[in-house]
Amino acid sequence: MKKGTIIGIVIAAVVLILGITLVGGYNDLVEKSENVENKYSDISVQLERRADLIPNLISTVKGYMKHEEKVIESVTSARENLVNAKSLTDKAKANEELTVSLNNLIALVENYPDLKSNTNFINLSDELAGTENRIAASRKDYNNTVSEYNKAIKSFPKNILAGMFNFEKKEYFEAKESASEVPNVSFDED
């Protein structure tokens with residue numbers, strides 16, 4: 001073979017390898033990005049399920065807790081904020097607000113033995129607890145997927161592709177520090 005032919009074959013092979021690498025890397029980034037969106041959707045579904053349970057829980061509780069209107073209004077308002085949240089940051093903030101409000105509501109329920117033994121309340125509480133667990137699992141899956149995606153767009157050579165095709169860092173769904181605080185329940189009249 002001629003020297004020019006060999007050089008041409010080598011150049012073609014290098015171009016082919018680079019092309020395959022670029023296409024494979026791009027497709028991998030697209031797949032990881034779509035996985036993040038899918039996991040975000042899972043969180044949204046669980047947050048909506050949670051929001052859908054709240055009106056029934058409030059209806060059940062209202063009959064027993066007429067003088068605890070502030071707590072009920074707080075839960076209702078927090079639920080509304082969650083339903084209307086659009087961005088990941090807004091949903092995380094609304095989720096935190098709803099968690100604090102629900103914790104306050106559950107703490108107050110302890111003072112109503114008839115309510116605690118009400119079958120409807122027990123069933124709703126169990127569903128809500130199950131949903132809370134699903135939200136936590138969905139959030140963990142989402143954050144793991146975001147981590148995998150963010151690592152991919154930062155590592156070489158995919159970081160070059162990520163820059164070329166505008167793959168941007170994704171946000172984690174994080175709980176605020178106040179979400180783990182014990183609710184402060186006061187029975188003082190204002």
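Buried means under 20% relative accessible area, exposed over 50% and partly exposed in between, with a 1.4 Å probe and protein chains only. The model is predicted, so local features need pLDDT of at least 70 and side-chain atom pairs count only at pLDDT 80 or more, while totals for chains, interfaces and linings use all residues. Residues are numbered from 1 along each chain as its sequence is written, and side-chain values use heavy atoms, with hydrogens and water left out.

**Exercise 1. Classify the ring pair Tyr-26 and Phe-167, and place both residues.**

Step 1: A pair of aromatic rings is described by the distance of the centres and the angle of the planes. Here rings of Phe, Tyr and Trp (its six-membered ring) pair if their centres lie within 6.5 Å; planes under 30 degrees apart count as stacked, over 60 as edge-to-face and the rest as tilted.

Step 2: The structure holds three aromatic pairs. For Tyr-26 and Phe-167 the centres are 5.7 Å apart and the planes stand at 70°, so this pair is edge-to-face.

Step 3: Tyr-26 belongs to helix α1 (residues 3-62) and Phe-167 to the segment after α6, so the pair ties together parts 141 residues apart in sequence. Helices (H or I, at least four residues) and strands (E, at least two) are DSSP runs, numbered from the N terminus.

Step 4: Phe-167, at 14% relative accessibility, counts as buried, and Tyr-26, at 32%, as partly exposed. Together with Phe-165, Tyr-26 and Phe-167 form one aromatic cluster.

**Exercise 2. Do the same for Tyr-40 and Tyr-142.**

Step 1: The ring centres of Tyr-40 and Tyr-142 are 6.1 Å apart with planes at 55°, so the pair is tilted.

Step 2: Tyr-40 sits in helix α1 and Tyr-142 in helix α5, so parts 102 residues apart in sequence are tied together.

Step 3: Are Tyr-40 and Tyr-142 buried or exposed? Both are buried.

**Exercise 3. Work out how α1 and helix α2 (residues 69-84) pack.**

Step 1: Axes are lines fitted to C-alpha atoms, for helices over the stretch in contact, and angles run from 0 to 180 degrees between N-to-C directions. The axes of α1 and α2 are 10 Å apart, at an angle of about 160°.

Step 2: Because angles over 145 degrees count as roughly antiparallel (under 35 roughly parallel, 65 to 115 roughly perpendicular, the rest oblique), α1 and α2 are roughly antiparallel to each other.

Step 3: Contact means heavy atoms within 4.5 Å. Residues making the contact include Leu-47, Ala-51 and Ile-58 of α1 and Ile-72, Val-75 and Leu-82 of α2.

**Exercise 4. Now describe how helix α3 (residues 88-109) meets α5.**

Step 1: The axes of α3 and α5 come within 13 Å and cross at roughly 150°. That makes α3 roughly antiparallel to α5.

Step 2: Among the α3 residues that meet α5 are Leu-88, Leu-102 and Ile-106; their partners in α5 include Phe-121, Leu-128 and Tyr-142.

**Exercise 5. Find two backbone features worth a check around α6.**

Step 1: Which bond joins Phe-156 and Pro-157? A cis peptide bond, with omega about 5°. Pro-157 is found in the loop between α5 (119-154) and α6 (158-164).

Step 2: Asn-166, in the segment after α6, has phi near 55°, a positive value in a residue other than glycine. Asn-166 is exposed, with a relative accessible area of 60%.
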